[in-house]
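This report goes through one structure for a reader who has not seen it before. Please look at the sequence and the model first.

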Amino acid sequence: MNFNTIYNSVTKLFKKKNSLKKELKNQKAQLIDLAKKLKARQRKSSNKKEIEEIKRKRKIVKKMIDKIKKSLNNG
């Protein structure tokens, strides 16, 4: 392989990585918004079963946000 083909493939990879980072940031913002909505719904609800379900979902959302943070910091 010559320099130009390697250079072009590497620049394509960097562009793809940057677009993926932007997408991850967008997903993170959506997850944070979802977490806020779940928290508000949890406060309003008086049904114990629903509250437990919301807590479970919030825990999953928090883990997903943490994973995105880690991948953005490592990348």
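With which residue does Glu-52 form a salt bridge, and how far apart are the closest N and O atoms? The partner is Lys-55, and the closest N and O atoms are 4.0 Å apart. The model in which this pair is seen is a predicted one.

**Salt bridges**

Glu-52 and Lys-55 are three residues apart in helix α2, so about one helical turn separates them. Glu-52 is partly exposed, because its relative accessibility is 48%. Lys-55 has a relative accessible area of 41% and is therefore partly exposed as well.

The structure holds five salt bridges in total, and three of these are described here, including the pair above. A second one joins the side chains of Glu-50 and Arg-41, with 3.7 Å from N to O. Glu-50 is partly exposed at 30% relative accessibility, and Arg-41 is partly exposed with a relative accessible area of 39%.

A further salt bridge links Asp-66 to Lys-62, where the closest N and O atoms are 3.5 Å apart. These two residues are four positions apart in helix α2, so they too are separated by about one helical turn. Lys-62 counts as exposed, because its relative accessibility is 51% and the cut-off for exposed is over 50%. Asp-66, at 29% relative accessibility, counts as partly exposed.

The table lists these salt bridges with their N to O distances.

| Acidic residue | Basic residue | N to O distance |
|---|---|---|
| Glu-50 | Arg-41 | 3.7 Å |
| Glu-52 | Lys-55 | 4.0 Å |
| Asp-66 | Lys-62 | 3.5 Å |

**Charge on the surface**

Which residues gather in a patch of positive charge on the surface? They are Lys-59, Lys-63, Lys-67 and Lys-70. One of them, Lys-63, is found in helix α2, which covers residues 48–74. Lys-63 has a relative accessible area of 53%, and therefore it is exposed.

**Nonpolar residues**

Nonpolar residues appear both in a core and in a surface patch. The largest nonpolar core has seven residues: Leu-31, Leu-38, Ile-54, Val-61, Ile-65, Ile-68 and Leu-72. Helices α1 and α2 are the elements that give two or more residues to this core. The largest share comes from α2, with five residues.

On the surface, Ile-6, Val-10 and Phe-14 make a nonpolar patch of about 250 Å². Ile-6 belongs to helix α1 and is partly exposed, because its relative accessibility is 40%. Phe-14 is also found in helix α1, which runs over residues 3–44. At 49% relative accessibility, Phe-14 counts as partly exposed, because the class of exposed residues begins only over 50%.

**Distances along the chain and in space**

Some pairs of residues show how separation in sequence and separation in space can be set side by side. Asp-66, already met as the salt-bridge partner of Lys-62, lies in helix α2. How far apart are the C-alpha atoms of Asp-66 and Lys-28? They are separated by 9.1 Å, although the two residues are 38 residues apart along the chain. Between Asp-66 and Phe-14 there are 23 Å, C-alpha to C-alpha, and this pair is 52 residues apart in sequence.

Where is the place of Asn-47? Asn-47 sits in the loop between α1 and α2. With 42% relative accessibility, Asn-47 counts as partly exposed. The C-alpha atoms of Asn-47 and Ile-32 are 24 Å apart in space, while the two residues are 15 residues apart in sequence.

**Putting it together**

In this predicted model, helix α2 holds Lys-63 of the positive patch and both members of the salt bridge between Asp-66 and Lys-62. The same helix gives five residues to the largest nonpolar core. Helix α1 carries Ile-6 and Phe-14, and these two make up the nonpolar surface patch together with Val-10.

Note on methods: Residues numbered from 1 in each chain as written. Predicted model: local features only at pLDDT ≥ 70, side-chain atom pairs only at ≥ 80, totals over all residues. Heavy atoms only, no water. Patch = residues over 30% accessible without salt bridge, like charges linked within 9 Å, V, L, I, M, F, W, Y side chains within 5 Å. Areas by Shrake-Rupley, 256 points an atom, 1.4 Å probe, with all protein chains shown as cover. Lys, Arg positive; Asp, Glu negative; His and termini not counted. Charge placed at Lys NZ, Arg CZ, Asp CG, Glu CD. Buried < 20%, exposed > 50% of the residue type's maximum accessible area, 1.4 Å probe, protein only. Core = buried A, V, L, I, M, F, W, Y, C linked by side-chain atoms within 4.5 Å.
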